[in-house]
Amino acid sequence: MGYWIFWLAAAIVLGVIEAVTVNLVTVWFAAGSLAAMVVSFFTDSFLICFAVFVLVSLLLLLLTRPALKKYVDGKTVATNLDRVVGMRGYVTREITQNEPGEVKADGKLWSAVCEEELPEGTQVDILRIDGVKLVVRRHKESEVL
């Protein structure tokens, strides 16, 4: 009947570890320890309590981790670099196949490359960032500004 102290201590230690790391590592094991502590009031078998600890911990881990991970991680905030991907800009210095040009997007000037030649003033869609250059393509309904 003295096992409840062990399980309570385990839950406290695991809870402190979780509070310090905040990485969703031990929270399920702390809950499993509490479940094992409750069971220890009804049985003197350490093996039964340990089985409850393992089962509850694994069930909670498998059922709740994906949802909690998404909640804790939240959304990734775009930096000023990747924020421009998907935006529209316009060519401020001609882009040729051999020479990068310049595109204005999000109020800033960026070096840019394209698979086709684009004259100054052409509207472009920003596809991705390759190194320090934007990779762009002519906007479908592009008119030279």
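This is a short walk through one protein model, from its overall layout to its salt bridges. The model is predicted.

Let's start with the layout. The protein has three helices and five strands. Along the sequence, the pattern reads α-α-α-β-β-β-β-β. There are 145 residues, and 26% of them count as buried. The accessible surface comes to about 9700 Å². Carbon and sulfur atoms account for 63% of that surface. Now take contacts between residues at least 6 apart in sequence. Of these, 41% join residues at least 24 apart.

Next, the helical part. Helix α1 covers residues 3–21, and α2 covers 27–40. What forms the nonpolar patch on the surface? The residues are Trp4, Ile5, Leu8, Ile12, Val16, Val20, Leu34, Val38, Phe41 and Phe42. Together they have about 970 Å² of accessible area. Both α1 and α2 supply at least two residues of this patch. Helix α1 gives the most, with six residues. Isoleucine 12 is in that helix, and Ile12 is one of the patch residues.

Stay here for one more residue. Threonine 26 sits in the loop between α1 and α2. Is threonine 26 buried or exposed? Threonine 26 is buried, at a relative accessible area of 9%. The cut-off for buried is under 20%, so threonine 26 falls on the buried side. Which residues does threonine 26 touch, leaving aside neighbours within four places in sequence? The contacts are Leu14, Ile17 and Glu18.

Now the strands. Five of them close into a barrel. The order around the barrel is β1-β2-β3-β5-β4, and the pairing is mixed. Neighbouring strands of this sheet are turned by 55° against each other on average, direction ignored. As a reminder, strands of a sheet pair through backbone hydrogen bonds, either parallel or antiparallel. This barrel shows both senses, as its pairing is mixed.

Let's take the pairs one at a time. Strand β2 is residues 101–105, and five bridges join it to β3. These two run antiparallel. Glutamate 102 stands opposite serine 111 in β3. The two strands form a hairpin with two residues between them. Aspartate 106 is in that turn and has a positive phi of about 55°.

Strand β3 runs from 108 to 113, and its pairing with β5 is parallel, over two bridges. Here alanine 112 stands opposite leucine 134 in β5.

Then there is β4, residues 123–130, with β5, residues 133–138. How many bridges join β4 to β5? Six, and the strands run antiparallel. Valine 124 stands opposite arginine 138. Aspartate 130 stands opposite lysine 133. This is a hairpin too, with two residues between the strands. Glycine 131 in the turn has a positive phi of about 70°.

Last topic: charges. Side chains of opposite charge can pair when their charged atoms come close. The structure holds four salt bridges.

One of them joins the side chains of arginine 88 and aspartate 125, at 3.7 Å, N to O. This pair links distant parts of the chain. Arginine 88 is in strand β1, residues 88–93, and aspartate 125 is in β4, 37 residues apart. How covered are the partners? Arginine 88 is partly exposed, at 47% relative accessible area. Aspartate 125 counts as buried, at 15%.

Another salt bridge brings us back to the turn between β2 and β3. Lysine 108 meets aspartate 106 there, at 3.4 Å, N to O. Lysine 108 is partly exposed at 34% relative accessibility. Aspartate 106 is partly exposed as well, at 29%. These two belong to a network of salt bridges that links Arg83, Asp106 and Lys108.

Then we have glutamate 116 with arginine 138. The closest N and O atoms in this salt bridge are 3.4 Å apart. Glutamate 116 lies in the loop between β3 and β4, while arginine 138 lies in β5, so the pair ties together parts that are 22 residues apart in sequence. Glutamate 116 counts as partly exposed, at 34% relative accessibility. Arginine 138 is partly exposed at 32%. We met arginine 138 earlier, opposite valine 124.

To wrap up: three helices, five strands, a closed barrel, a nonpolar surface patch, and four salt bridges.

Methods
Residues numbered from 1 in each chain as written. Predicted model: local features only at pLDDT ≥ 70, side-chain atom pairs only at ≥ 80, totals over all residues. Heavy atoms only, no water. Pairing = 2+ DSSP bridges. Helix = DSSP H or I, 4+ residues; strand = E, 2+ residues; numbered from the N terminus. Axes fitted to C-alpha atoms, helices over the stretch in contact; angles between N-to-C directions. Buried < 20%, exposed > 50% of the residue type's maximum accessible area, 1.4 Å probe, protein only. Contact = heavy atoms within 4.5 Å. Areas by Shrake-Rupley, 256 points an atom, 1.4 Å probe, with all protein chains shown as cover. Patch = residues over 30% accessible without salt bridge, like charges linked within 9 Å, V, L, I, M, F, W, Y side chains within 5 Å.
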